[in-house]
Amino acid sequence: MKNFSKTLITLFVLHSGFVTAQSKHFITGGTIEFEKTQNMFAILKKKVTPTHMDYQTTYENYQKSEQQFITYKSTLIFNATSSLFTPEPGKSLPWYYWAPIAEQLNTIYSDFGNQNTTVQKVFYERTYIIKDSLRKIKWKLTDETRKIAGYNCRRANGLILDSVYVVAFYAEDIHVPGGPESFNGLPGMILGVVLPHENINWYATKVTLDGVDEKKLVPPKKGTPATYKQYYQVLWDTQSRYGDVGRYYIMGFYF
Amino acid sequence: MTNKIAIILICCCCCILSARAQSNYAIKGTVTDTTTKTKLDGATITVLNAKDSILQKFVYTNKGAFNISGIKPGKFLLLVTYPDYADYTADFELDAAHPQKNFDDIPMILRSTLLKDVIIKAKAAAIKIKGDTTEFNAASYATEKNAKVEDLLKQLPGMRINQSGVIMFNGEQVQKVLVDGEEFFGDDPTLVTKNLRADMVSKIQVYDDKSETAKQTGVDDGQKIKTINVKLREDKKRGVFGKADAEVGTDKRYAEQLMANKFTPTEKMAVYGNLGNTGNVGLGGGDNDKYGGGFSSYAYNGVGIPAARDAGVHYDGKWDKDKQTLNTSYKVGALDVDKKGNSQSQISLPGSFNHSDNTNNAHTHGFNQSLDARFTAKLDSNTSLYLSLNGAAANGHSVSQSNTVTTRENDTLLNTNNNNTTNNYQNKNARAFINISKKFKKPGRSVTFYTSGNADQSTSTDYQRSDLKYYNADGIIDATRSKLIDQYKPNTSDSHFGSIGLNYTEPVFTKGMTLSVGYSLSDSKSNNNQQSFDKSASGVYDVPDLLYSNNYSTHNSSNDYGLQLYYSKTKFWGFIRGNVSNAVLTQTDRIADTVLTRKFVNLYFFSRGNYQLSKAASINFSYNGYTQQPSITQIQPLRQNSDPLNIQLGNPTLRPGYSNNISAGYRLYQTTYDRGININVSYSNQINAIISNRTTDSAGVNTYQYSNLAGKQPNNWNVNLDVYGHPKNTDLLVDPSFGISGNSSYNYINSKLSQNHNITYNPGINAHIGKATYWYALYLSGTFIQNHNNLQQVPNNSKGYQIKFEQYTKLPLNFFFGTNGQYDYTAPNQVFPTAFSRFLLKAYVGKNFLKEENLKVAITGNDLLNQNSGYSRNGTSDNFTESRNNVIRRFFMFSVSWDFSKFGKAAQTQKQ
């Protein structure tokens, strides 16, 4: 009986990990500032399609008069189980130099505990509130790493919306499976995202570990309720008549 | 031993329990640092597909231990990572036989130099409604190469352009077209729309501007000037462009045009010259409004055969960091018009009518010049100066002849008049305006001082020979009343106007609210000396006819006090304004030696506002109420015998009327569908209205006077609905509209009150689709008028419709082909017993040459069906008139036109 008690204590000790020496402090709350950089030359080139050849002139005019790279800022605040991604207003382009992918149209609340999300999407004059489960992204991990905003990040390659190739870098030091926009699902905070074929990337510029005001970490409220599926239908109904450009727009609005 | 068995049992139980609770397939284990032998807390445990390394599950170790369940069976890779430690990987497989896998003590080794640094290389909405501005994106509308602004405008929803270049937006006429906010050649719309290239435009903005006076004095006068601002693209602000066009045709038609422009970001220079007799060139009437109609006495309005020549130069520039700007233009033009026409009128009388038949022909010639200059300067960071100077001179002559035969209802002759006049005139005028405004440190506080002066002078010499014969009821000439007038009428007039004003604005109550107080004093003096001389026996016009000679001097002075409250917040702006002015009007008749003095107190109330309901929709409202002061010509007009059958008398007892006008609008544009709605509603009425009072005597002479209307209020109302959008999945723009308007108007006829009520229904639908290579447009509209007049048995109800179409198709080998057609139909009614229909068809075919397709050769057939008969009809409660005039009919034209353009700045190359 004496041995039995000893064994129990040993098991207990093993499980509770009294013997572990915590050398590392993992982050489960803070604020991350992101910068989105987009190659407008390449983005606007996509609007020149066989059915919209007349956009060529607009595209060339952009090249003559505007800058190739534009950056926007956004903020992600997070705790262990949730995050809120909020874009900051930036340079507003004349609307003919406009593409939804090149805008910051989403305010995103993610609940990692319940695996669901609340996304406020601006769609021209309308605003939608999408309540759905967290976006599922197929991630492949690699052994590449790089440092972003002072954090070591591991590269993962992913696929969203069935066809859009994503490269993400996540920091294992931050034990929250979130990221900018709706990128999520990696074993660490995503501090860098590259959409190589869409000519856009997001990189964290600053990570602060100060306490997060939990009052601010709440889902956006205003908008017409919808699911991702319903929202997609809206996009399809309104944009598909613009042909190739419409499909490009759908991706930009939906992503 | 028993103890050991017990432990195993407990462990097994735990495992089984946990496995059941979650899933059959699970892994667990612990992670240990090999050097310190301590458990690693927070290590990342990931489960990947063995085949493609797709991430399946991940957890962090808790005190070094982990437990992952809910895995599907298959082959996997376990990846364990921890900052600064080398990755640990292990293959494993879960299947029905081995649903669980236990990784005991995964050893982690501190990484030294395993880091590899990797560097990764890395349609649109068409309309925006912002406040009361509608903004169109030019890039959303495709136009052919070398197209002009006009070609772009006609594609915009709600925009219509008629053949003489008049632009209507949502049913309201556009009065001003600006280029980058600046006047270009004054503000004559056609010189912008026909001259500037569509590919230079980035945006078209349409808004209600304040009047020039309101902008410069800071005193809103409630006027709305529908304005188009053409915003140029940054890359097209530096360049040289223009057009040269030569056309010759059958029927001696010709048209030559030259326009050349040089633009830099700070300067714009332009010249143009036109020559033509097709009625399409060199007829810009924009300046006529500016110079109060007296600038050029004769204009072409589609009637007669015109021959026009005109030219102009324009310069605007800014310098000293845009602190100073100058905008100036000089225009010169001459216009000759030959007119021949006939009109048939029915003039209402209580219970009966007279019929009048008039044939006339005339030749007019006018020549005019104008010079405008506007200068602005920022004297310091808070003080600005605005100075504008306009000068114009015009002269012309005309010869006209008319024959009028008036018969009674029973076809007996009432009177005949043969009237011949020749006229020579010279007008000169000059205007100056100065404004100085200063802003203070306190935001919203400002003071504006302004002063203006005008001087006008005109002389004319007329000869009139009028042979008027009256007939009695039996058709026998009434020699006692019949009269031959053969007179020489020299006329000189001049006027001087000066005003001075001050306006002070102070922020009050809350942010965004300001209160303005203003005072202005104005004074004008004019002299009008019109003499009439009869021919003496010696054949010289030297016998003064004092009855029809006038020598008046008029003095008008007024003091005006105003108060305005303005408020603007993010989504709202609006103001209320009230003005009181006391005006003193003195007219001295130097021939009769009498003085007429009238004093008026005039009240004005204005209010306008706009509220942005959402990103897509806005509403606006306006109210205008003002005293309608009787004009001097209504109180005491010049005694005239130039038209002995129509005589104007004054009414010194006229009292002011008061007019109320209220309007509201709603606009919605949904970018997602590229569709929108415009709704406009308006109502106006006049209290104590000044109305026409006609007495027709037994000889058929009409005597007109003005009277106040008691007990009734003339009114107008109007509801317009305009919807536009695309049918699903098409680029076709469909624009149905519906308007209803009504009015009640009153006038006295032989002391009886004629009450006229109209309701007009205007349904319409437009559709167009266009790309750079084609353009198809169809416009259908109907007009239904319900008319009721208490004095007439026969209502002048009217039904009609109009079909217009435009087609342009680019053919292979740079050929092109197009047609424009307009069909009008008006059904017969009880007033006009025959239907009216007319089909005007124009077609052209041609070819573009050169790489930029900028040399164009074309043949145009104008009015192919030769149906332009110069017919028009119009009816009021007072009379119905049908007229026919000579107009330009079928002709064919051969044209060569060359567009040239060269813009600076090359494209940046794509950076990697």
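In which loop of chain B is B:D320 found? B:D320 sits in the loop between β20 (305–319) and β21 (324–349) of chain B, where helices (H or I, at least four residues) and strands (E, at least two) are DSSP runs numbered from the N terminus. The structure is a predicted model, in which local features need pLDDT of at least 70, side-chain atom pairs count only at pLDDT 80 or more, and totals for chains, interfaces and linings use all residues. Residues are numbered from 1 along each chain as its sequence is written, while chains are lettered from A and ligands numbered from 1 in the order in which they are written.

The backbone of B:D320 has a phi near 55 degrees, a positive value in a residue other than glycine. B:D320 counts as exposed because it has 9 C-beta neighbours inside 10 Å. For this classification, a residue is buried if 20 or more other C-beta atoms lie within 10 Å of its own, exposed if 12 or fewer, and partly exposed in between, with C-beta atoms placed from the backbone. B:F509 also has a positive phi, of about 55 degrees, although it is not a glycine. This residue lies in the loop between β26 and β27 (513–530) of chain B, and its 10 C-beta neighbours inside 10 Å make B:F509 exposed.

Strand β26 (residues 483–507) of chain B contains B:E506. With 15 C-beta neighbours inside 10 Å, B:E506 counts as partly exposed. Leaving out residues up to four places away in sequence, B:E506 touches B:R445, B:T514 and B:L515, a contact being a pair of residues whose C-beta atoms, placed from the backbone, lie within 7 Å. The C-alpha atoms of B:E506 and B:K442 are 8.8 Å apart, with 64 residues separating the two along the chain.

Turning to the chains as wholes, chain A has 5 helices and 12 strands, and buried residues make up 41% of its 255 residues. Among contacts in chain A between residues at least 6 apart in sequence, 57% join residues at least 24 apart. Helix α3 (residues 55–65) of chain A has A:Y55, A:T58, A:Y59, A:N61, A:Y62 and A:Q63 buried, and the buried residues of α3(A) pack against α2 (40–45) of chain A. Chain B comes to 6 helices and 49 strands; of its 912 residues, 28% count as buried.

What does the sheet pairing look like in chain B? Four strands, in the order β3-β2-β5-β6, form an open sheet with antiparallel pairing; two strands pair if DSSP finds at least two bridges between them. At the edges stand β3 (55–60) and β6 (88–94) of chain B, each with a single partner strand, so one side of each has no neighbour in the sheet. Strand β2 (residues 44–49) of chain B pairs with β3(B) in the antiparallel sense over 5 bridges, and B:T44 stands opposite B:Y60 in β3(B).

Farther along chain B, strand β17 (residues 239–249) is joined to β18(B) by 10 bridges, the two running antiparallel. Here B:A246 has B:E256 in β18(B) as its bridge partner. The β17(B)–β18(B) hairpin has 4 residues between its strands, and B:D251 in the turn has a positive phi of about 65 degrees. On to the next strand, 9 bridges join β18(B) to β19 (residues 267–276) of chain B, again antiparallel, and a hairpin connects β18(B) to β19(B) through 3 residues. B:F263 stands opposite B:K268 in β19(B).

In a regular strand the side chains alternate between the two faces of the sheet. Strand β18 (residues 254–263) of chain B shows the alternation: B:A255, B:Q257, B:M259, B:N261 and B:F263 point to one face and are buried, while B:Y254, B:E256, B:L258, B:A260 and B:K262 point to the other and are not.

Finally, the largest nonpolar core has 119 residues, and those with the most contacts inside it are A:A168, A:Y170, A:I190, A:L191, B:V201, B:I204 and B:V230. Such a core is a set of buried Ala, Val, Leu, Ile, Met, Phe, Trp, Tyr and Cys residues joined through C-beta atoms within 7 Å. A second, separate core of 6 residues includes B:L654, B:A689, B:L709 and B:Y746. Leaving aside neighbours within four places in sequence, B:I204 is in contact with B:F136, B:A138, B:L152, B:L153, B:L156, B:I228 and B:V230.

Terms used: Contact = placed C-beta atoms within 7 Å.
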